[in-house]
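This report describes how selected parts of one protein chain meet. The reader is invited to examine the sequence and the structure before continuing.

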Amino acid sequence: MFRALFIAGLMMLAGCSQPQETPPGDVEIDADLLKDFQPSPEVMENPKNPITEAKVKLGRMLYYEPRLSAAGDLSCNSCHPLDAYGVDHLPVSTGHKGRKGTRNAPTTYHAAAQVVQFWDGRAADVEEQAKGPILNPVEMAMPDARAVETILSGKPEYVTAFRQAFPKEKEPVTFDNAALAIAAFERKLVTRGRWDRFLEGDANALSPEEKAGFIAFHKAGCIACHNGPHLGGKFYIKVGMARPWTNQADLGRYLVTKQEHHKMVFKVPVLRNVDKTGPYLHDGSMAGLEETVRLMGELQIEKPLTDSEVRRITAWLKSLTGELPAAYIARPRLPE
């Protein structure tokens with residue numbers, strides 16, 4: 001009898017030493033906490049590149065076109081597959097002849113709304129960015145713009161598509177116009193989901209756990225970098241504000257500007273669909289979302305997050321996953 005009571009007492013003590021977390025009850029988010037957040041727009045406009053149906057149709061074809069690569073085996077969709085939330089889920093992508101890049105390929109969804117393109121901001125917008133990978137010797141490796149134009153001009157269906165997309169131009173099949181078309185297509189690559197419905201007034205779109213996660217995210221100060229309709233992409237930030245990032249091989253924006261204060265500075269990524277776009281950070285070194293949240297607490301805001309905070313913030317981040325626009329991203333038939 002005594003032995004049984006003793007064992008039961010030990011079990012009770014063990015249970016007391018590891019209290020179970022109480023699930024949050026009904027959670028209300030004060031409207032003031034939401035003032036820096038907006039639903040995603042359906043289009044990310046650029047007045048210098050008006051979106052037309054013909055331009056988008058051409059851009060969709062070019063996004064999927066492997067003949068824009070030197071070996072004819074890679075397209076924009078190779079590293080940014082649209083049916084996988086715009087990422088290939090590799091730390092770094094594989095390009096021409098198996099060559100590896102040095103940075104993680106970010107998603108093309110919501111990319112056009114960001115203040116600059118690429119992790120280091122070396123392209124001002126998606127119109128400029130679209131040219132980069134095609135001519136990059138490690139990525140698609142086309143030798144020059146003329147080579148791209150020669151391929152496209154040799155396909156009557158593309159010639160017709162360019163004329164329809166750029167009707168005022170005498171010779172519309174140009175590398176610049178190809179980039180404009182791809183960018184026009186990308187400017188409608190947005191996803192909307194439960195987070196948008198919540199911001200638009202549906203209080204039941206988020207669970208109590210997710211609402212508690214947003215409050216924890218806000219309280220921790222993560223909103224300093226991740227806010228607005230796309231939850232990021234608005235400016236640069238140093239990786240390792242509170243504690244140095246371990247991998248100093250890639251100095252980020254410094255490689256573009258050569259300014260000392262730009263060492264380890266990168267563009268803030270968007271958090272839309274973040275649960276679907278791992279691995280994370282500029283070097284793709286973080287595989288899991290929870291571990292990334294925990295690390296950001298340590299490196300960026302100097303606030304060790306509790307296990308409960310990490311779980312709840314991660315739960316809220318998963319609510320940012322939107323619905324893929326299946327009809328818009330459907331693979332087109334390409335010219336033979």
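In this predicted model, E210 has a relative accessibility of 10% and counts as buried, because buried residues are those under 20% relative accessible area. The side chain of E210 forms a salt bridge with R194, and the closest N and O atoms of the two are 2.8 Å apart. R194 has a relative accessible area of 27% and is partly exposed. E210 belongs to helix 10 (residues 208-220) and R194 to helix 9 (residues 194-199), so the salt bridge ties together parts that lie 16 residues apart in sequence.

Side chains of opposite charge can pair when their charged atoms come close. The structure holds 18 salt bridges. Three of them, with their N to O distances, are listed below.

| Salt bridge | N to O distance |
|---|---|
| E210 and R194 | 2.8 Å |
| R197 and E323 | 4.0 Å |
| E209 and R312 | 3.8 Å |

The salt bridge of R197 with E323 links distant parts of the chain, as R197 lies in helix 9 and E323 in strand 4 (residues 322-323), 126 residues apart. R197 is partly exposed, with a relative accessibility of 36%. E323, at 55%, counts as exposed, because the term applies to values over 50%.

The salt bridge between E209 and R312 also joins distant parts of the chain: E209 is in helix 10 and R312 in helix 13 (residues 307-318), with their positions 103 residues apart in the numbering. E209 has a relative accessibility of 25% and counts as partly exposed, whereas R312, at 17%, counts as buried. Elsewhere, R103, D120, R122 and D250 are joined into one network by salt bridges that share partners.

The report now turns to the packing of two helices. How do helix 2 and helix 7 pack, and at what angle? Helix 2 (residues 53-63) and helix 7 (residues 156-165) pack at an angle of about 145 degrees, and their axes are 8 Å apart. Their crossing is left-handed. Helix 2 contributes A54, K55, L58, M61 and L62 to the contact, while helix 7 contributes E157, Y158, A161, F162, Q164 and A165. Of the residues in this contact, 8 are nonpolar, 1 is polar and 2 are charged.

Key. Residues numbered from 1 in each chain as written. Predicted model: local features only at pLDDT ≥ 70, side-chain atom pairs only at ≥ 80, totals over all residues. Heavy atoms only, no water. Axes fitted to C-alpha atoms, helices over the stretch in contact; angles between N-to-C directions. Helix = DSSP H or I, 4+ residues; strand = E, 2+ residues; numbered from the N terminus. Left-handed = near helix turned anticlockwise from the far one by under 90°. Contact = heavy atoms within 4.5 Å. Nonpolar A, V, L, I, M, F, W, Y, C, P; charged D, E, K, R; others polar. Buried < 20%, exposed > 50% of the residue type's maximum accessible area, 1.4 Å probe, protein only.
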